[in-house]
Structure formats: C-alpha cells, structure tokens
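Subject: The model, and what turned up in it

Hi,

Here is the structure I promised to pass on. Have a look at it first, and then read my notes below.

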Amino acid sequence: VAEVNAILAQCQPETLYQMWIDAEVANVQEVHAGETLVPKPAGGGGTSFRPAFDWIEEHVTDDVSCLLYFTDGYGDWHNIDPPSYPVIWFIVAGGTDEDPPFGRVIRMRQV
C-alpha cells in the first residue's frame with residue numbers, strides 16, 4: 001500500500017485501479033489523482049494471474065499505461081498472452097525465483 005500511495009503522489013495518474021486478486025478478482029478500488037489509497041483487501045487463497053488481465057480487458061476503456069503486479073510469484077502465468085501495455089512484476093521478498101514469461105521483473109528485498 002505504501003508503494004501504491006507513493007506512485008499516486010509522485011506520478012499522479014488520472015486513475016489507478018487497485019485490485020485484490022487470488023483465484024479471482026475479489027475487490028477493485030478506483031483511486032483518482034490527488035487521492036490516497038485506503039486499502040480494503042479482500043479474498044485470499046489460490047493464485048491465478050489471469051483474472052487481472054481479464055478484468056482490465058473487460059472494464060478499462062481508456063488506454064492502459066501499465067500494470068504493476070505485486071505478488072510472491074507463486075501461481076500459474078503460463079496461459080496468459082502478453083498484453084499491449086507494459087507489465088512490471090514486483091516479486092516480494094521470499095517469492096519465487098522463476099521469472100514471468102513477459103514483462104519486467106523487480107525483486108523486492110526485505111530490509
């Protein structure tokens with residue numbers, strides 16, 4: 001959440017969608033420029049990466065600047081076609097060593 005709020009403050013995107021996803025999209029929060037994310041997490045359980053891409057395709061009509069995906073990387077990402085927008089995978093400390101099949105990877109370390 002701290003990373004998302006830093007992005008909101010520094011990049012000032014017009015709209016940011018915070019998605020809480022496990023095997024499906026459990027909650028989506030829409031945050032606009034000048035606002036701060038107050039987290040409302042939902043879900044929990046198995047991980048599938050596909051629901052995020054499907055949700056964006058179905059619900060976002062404007063151009064997507066990028067998808068920032070914070071994850072431990074444990075899940076199935078093999079049947080996802082690369083989207084037309086950039087994807088950056090933030091893999092948290094203790095996450096998988098496997099790289100996703102597309103996008104850029106940033107591995108977060110515990111300090």
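Where is the place of Asp63? Asp63 sits in the loop between α2 and β3. (Helices, H or I with at least four residues, and strands, E with at least two, are DSSP runs numbered from the N terminus.) Asp63 is exposed, with a relative accessible area of 77%; here buried means under 20% relative accessible area, exposed over 50% and partly exposed in between, using a 1.4 Å probe and protein chains only. The C-alpha atoms of Asp63 and Ala26 are 23 Å apart, with the two positions 37 residues apart along the chain.

Before the rest, a word on the source. This is a predicted model, in which local features need pLDDT of at least 70 and side-chain atom pairs count only at pLDDT 80 or more, while totals for chains, interfaces and linings use all residues. Residues are numbered from 1 along each chain as its sequence is written, and side-chain values use heavy atoms, with hydrogens and water left out.

The same loop, between α2 and β3, also holds Val64. Val64 is partly exposed at 25% relative accessible area. Leaving out residues up to four places away in sequence, Val64 touches Ile56 and Tyr85, where contact means heavy atoms within 4.5 Å. The C-alpha atoms of Val64 and Ser84 are separated by 8.6 Å, and these residues are 20 apart along the chain.

Now the strands. Three of them form an open sheet in the order β3-β4-β5, with parallel pairing; two strands pair if DSSP finds at least two bridges between them. β3 (67-71) and β5 (104-107) are at the edges with a single partner strand each, so one side of each has no neighbour in the sheet. On average, neighbouring strands of this sheet are turned by 20° against each other, direction ignored. (Axes are lines fitted to C-alpha atoms, for helices over the stretch in contact, and angles run from 0 to 180 degrees between N-to-C directions.)

β3 and β4 pair over five parallel bridges, with Leu67 opposite Val87 in β4. On the other side, four bridges join β4 (residues 87-91) to β5, and Ile88 has Arg104 in β5 as its bridge partner. Four of the five residues of β4 are buried, so β4 is largely enclosed by the rest of the structure.

β1 and β2 pair too, in the antiparallel sense over seven bridges. A hairpin of three residues joins β1 to β2, and Leu16 stands opposite Val31 in β2. As a reminder, strands of a sheet pair through backbone hydrogen bonds, either parallel or antiparallel.

What lies across β3 and β4? Helix α2 (residues 50-59) does, running at about 155° to β3. In α2, Pro51, Ala52, Phe53, Trp55 and Ile56 are buried, and their cover includes β1, β2 (25-32), β3 and β4. Setting aside neighbours within four places in sequence, Ile56 is in contact with Met19, Val64, Leu67 and Tyr85.

That leads to the nonpolar cores, meaning sets of buried Ala, Val, Leu, Ile, Met, Phe, Trp, Tyr and Cys residues joined through side-chain atoms within 4.5 Å. The largest has 16 residues, of which Phe53, Ile56, Leu67, Tyr69, Val87 and Trp89 touch the most other members. α2, β3 and β4 each supply at least two residues of this core, and α2 gives the largest share, four residues. A second, separate core of six residues includes Val4, Leu8, Leu16 and Leu37.

Next, the largest pocket, which holds about 1100 Å³ of space. Its lining has 34 residues, and Leu16, Tyr17, Gln18, Leu67 and Leu68 lie nearest the centre. On a 1 Å grid over the protein atoms alone, a pocket is an open set of points where a 1.4 Å probe fits, with protein on both sides within 12 Å along at least five of seven lines, and lining residues have an atom within 4 Å of a point. Grid points are joined across faces, edges and corners, and the volume is the space filled by probe spheres set on the points. β1 gives the most to this lining, seven residues.

One last oddity: Gln12 has a positive phi near 45° although Gln12 is not glycine. Gln12 is in the loop between α1 and β1, and is exposed at 56% relative accessibility. Most residues other than glycine have a negative phi.

Cheers
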